[in-house]
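Ready for a bit of practice in reading a protein fold? Grab a pencil, look over the structure below, and try each exercise before you peek at its solution.

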Amino acid sequence: MQGEIQQEQWQAYLDGFSKRNSGRMADLQILSDELGTQEEAEMLPFEGITLDTKGSLASSVEIMLGGTGSADKRNLTHTVTQVRRIVPKTGGDGREDALEIEAKDGAKTILIFKTPLELPETTL
């Protein structure tokens, strides 16, 4: 799927996105004219993404990333308020490689999935 998701489809799309991509390793970047590119998180497992449709945070999206197990206590919840656009980026294999969320002020939050490097097989 490539191209902008229509606002009336955000909830259903993000629910499916969370199910399809749960546990994948991800980076989270923030791009804004004011601050440039900021790395918010690196190589954390994706836990989910939700859309708030009511109250003071209506049209906001929460992205949850976190370590797994007691050995890795890294957790991050990033909120994007006043969302204007949601655009998935799909790879050649059809899987989502990234999700771009643009706020009303033009700042972009980009969730980028990482593929762990595979070590080449060695022969003895």
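**Exercise 1. Find the strand that gives the most to the lining of the largest pocket, then describe that pocket.**

Solution. Keep in mind that you're looking at a predicted model.

- Step 1: Strand 4 gives the most to this lining, with three residues.
- Step 2: Now for the pocket itself: the largest one has a volume of about 250 Å³.
- Step 3: Its lining counts 15 residues, and the closest to the centre are Ile 30, Ser 32, Ala 103, Asp 105 and Ala 107.
- Step 4: Which elements give two or more residues to the lining? They are strand 1 (25-32) and strand 4 (75-80).
- Step 5: Sort the lining by class and you get five nonpolar, six polar and four charged residues.

**Exercise 2. List the elements of the chain from the N terminus on.**

Solution.

- Step 1: Count them up: there are one helix and seven strands.
- Step 2: Walking from the N terminus, you read α-β-β-β-β-β-β-β.

**Exercise 3. Work out the order of the strands in the open sheet, and name its edge strands.**

Solution.

- Step 1: The sheet has seven strands, in the order 4-3-2-1-7-6-5, and the pairing is antiparallel.
- Step 2: Strand 4 and strand 5 are the edges, as each of them pairs on one side only.
- Step 3: How are neighbours turned against each other? On average by 35 degrees, with direction ignored.
- Step 4: What holds such neighbours together? In general, strands of a sheet pair through backbone hydrogen bonds.

**Exercise 4. Zoom in on strand 5 and strand 6: how do they pair?**

Solution.

- Step 1: Strand 5 (residues 83-90) and strand 6 (residues 96-103) are antiparallel, with seven bridges.
- Step 2: Try matching residues: Val 83 has Ala 103 of strand 6 as its bridge partner, while Lys 89 sits opposite Ala 98 in strand 6.
- Step 3: Ala 103 should ring a bell, being among the residues closest to the centre of the largest pocket.
- Step 4: Next, the hairpin: five residues lie between the two strands, and Gly 94 takes a positive phi near 90 degrees.

**Exercise 5. Place the helix against the strands, then look at the whole chain.**

Solution.

- Step 1: Helix 1 (residues 10-21) lies across strand 2 (36-52), strand 3 (60-66), strand 5, strand 6 and strand 7 (108-113).
- Step 2: Relative to strand 2, helix 1 runs at about 105 degrees.
- Step 3: Of the chain's 124 residues, 40% are buried.
- Step 4: Finally, take the contacts between residues at least 6 apart in sequence: 43% of them join residues at least 24 apart.

Conventions:
Residues are numbered from 1 along each chain as its sequence is written. This is a predicted model: local features need pLDDT of at least 70, side-chain atom pairs count only at pLDDT 80 or more; totals for chains, interfaces and linings use all residues. Side-chain values use heavy atoms; hydrogens and water are left out. Two strands pair if DSSP finds at least two bridges between them. Helices (H or I, at least four residues) and strands (E, at least two) are DSSP runs, numbered from the N terminus. On a 1 Å grid over the protein atoms alone, a cavity is a set of points where a 1.4 Å probe fits but cannot get out, and a pocket is an open set with protein on both sides within 12 Å along at least five of seven lines; lining residues have an atom within 4 Å of a point. Grid points are joined across faces, edges and corners, and a volume is the space filled by probe spheres set on the points. Ala, Val, Leu, Ile, Met, Phe, Trp, Tyr, Cys and Pro count as nonpolar, Asp, Glu, Lys and Arg as charged, and the others, Gly among them, as polar. Axes are lines fitted to C-alpha atoms, for helices over the stretch in contact, and angles run from 0 to 180 degrees between N-to-C directions. Contact means heavy atoms within 4.5 Å. Buried means under 20% relative accessible area, exposed over 50%, partly exposed in between (1.4 Å probe, protein chains only).
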